[in-house]
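Biologist: I'm new to this one. Could you put it on the screen and let me ask a few things?

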Amino acid sequence: MNSFVRALRTPELRAKILFTLGLIAVYRLGVFIPTPGFDATNVMMCADQAASGQGANVLGMVNMFSGGALLQLSIFSLGVMPYITASIIVQLLRVVIPRFEALHKEGASGTAKLTQYTRYLTIGLGVLQATTIITLVRSGNFFVGCTLELVPDQSIPTLLLMVMTMTVGTVLIMFMGEMITERGVGNGMSLMIFSSIAASFPSAFGQVWQLKGWITFSLVMLVGLLIMVGMVFVEQSQRRIPVQYAKRMVGRRMYGGTSTYIPIKVNQAGVIPVIFASSILALPQMAASFGDPSAGWVQWINSHLVLGQSFSWIYAVVYVALIVFFAFFYVSITFNAEEIADNMKKYGGFVPNVRAGRPTERYLRYVINRIQSGGAVYLAVICLIPLVALFYLGTSQDFPLGGVSLLIVIGVGLDTVKQIDAKLQQHHYEGILR
């Protein structure tokens, strides 16, 4: 609290915080502006029906990231998901396309080009997702069980206007996120996701209070507090691999002779494996939504691979297996042990008691695999919390204290606090130099 007060008393930092809060307020306002072409009254009725019963399970994570804008079919319905998906795709393509890897190694100029590619891909994904959502709404598969007319005018110009509006909304979100990152405090996209998830907490807690009473509500709050304390501890935990640099002469100057370390977090993959696993599990339900409800394979998918109002062991096992797989897969791509070992050898660095070159690479792979084993188990346990709550408490699938929501809220919160503290320290040092 003292740091927050000092931040508000610092003119430069206060301006950054107010700028960030202002853009987040604009983002939250856009959540409630309906997309032209939809019947707003019928959409709200269908959204309430879907929230209280079944429906929109396949779009649950996207709706959470959009802060409820998806079910309201607002101008910000797509939220940040197109940008997140585009960023992940561009990052993974570095392994497949040598040109992308070369741009990544060029520094600031190469990163700027990759960012531009990400923007173009975001627009393309926005058009694709907007078209898919409008198609599902027109076919009646978006709000399952709701028979109200949601698109009164289905002419081509109206449909094109709807696609363009939702796509422009995504571009505006991307622009505001980049502006927050550049001129505000913290990562813009992460803070928008944070605000969307935090906005859903009051209604989720209120639902637990109304349906289960104050005893269950108190128990949920206590368990949630313990979970958050444990998650903060794990998110802050890291393994530091010591690195020493030998002394070397460059011209008439002596370089090296210093000691540092390579920090490896326990949860090195972050929330990406959970997003990938949820997206893969959404595919069977999406396929089933287009099939005959009386077909055997559709009924089997709805019973075992859909997280609705009942618990499924098959869903839980597949979910955990996918999380563990993508945790190792993503870390193997983002943590390039060969590149790190080569750079250390190039600048005279070495791990104590480990030879430079290939032995260092094997050692780094061994350490990251061991640490990531604990990180994968940690992610799986956190994401099983909503399933356990669904089984024992009978809550909905959008249980507030678990899975992706807490991972993002705690991760973004810690990162933002660190950035504010770093800016405060920088301002303090400037005051001393004056």
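Biologist: Which residues lie nearest the centre of the second largest pocket?

Modeller: First, this is a predicted model, where local features need pLDDT of at least 70, side-chain atom pairs count only at pLDDT 80 or more, and totals for chains, interfaces and linings use all residues. Residues are numbered from 1 along each chain as its sequence is written, and side-chain values use heavy atoms, leaving out hydrogens and water. A pocket is an open set of points on a 1 Å grid over the protein atoms alone, where a 1.4 Å probe fits, with protein on both sides within 12 Å along at least five of seven lines; lining residues have an atom within 4 Å of a point. Here 35 residues line the pocket, and those nearest its centre are Ser 190, Gly 270, Val 271, Ile 272 and Val 412.

Biologist: Which helix gives the most to that lining?

Modeller: Helices here are DSSP runs of H or I, at least four residues, numbered from the N terminus. Several supply at least two lining residues each, including helix 6 (81–96), helix 10 and helix 16 (404–433). With 8 residues, the one giving the most is helix 16.

Biologist: Which helix gives the most to the largest nonpolar core?

Modeller: Such a core is a set of buried Ala, Val, Leu, Ile, Met, Phe, Trp, Tyr and Cys residues joined through side-chain atoms within 4.5 Å. This one has 70 residues, and Met 231, Ile 264, Val 274, Tyr 319 and Leu 407 touch the most other members. The top contributor, with 13 residues, is helix 10 (residues 188–236).

Biologist: Which strands stand at the edges of the open sheet?

Modeller: Strands are DSSP runs of E, at least two residues, and two of them pair if DSSP finds at least two bridges between them. The sheet's 3 strands have the order 4-1-5, with antiparallel pairing. Each edge strand has a single partner, so one side of each is left without a neighbour in the sheet: these are strand 4 (259–265) and strand 5 (349–350).

Biologist: Is Leu 73 buried or exposed?

Modeller: Leu 73 sits in the loop between helix 5 (69–72) and helix 6, and its phi is near 50 degrees, a positive value in a residue other than glycine. Buried means under 20% relative accessible area, exposed over 50%, partly exposed in between (1.4 Å probe, protein chains only). Because its relative accessible area is 0%, Leu 73 is buried.

Biologist: And Asn 353, buried or exposed?

Modeller: Asn 353 also has a positive phi, near 70 degrees, and its place is the loop between strand 5 and helix 15 (358–392). With a relative accessible area of 85%, Asn 353 is exposed.
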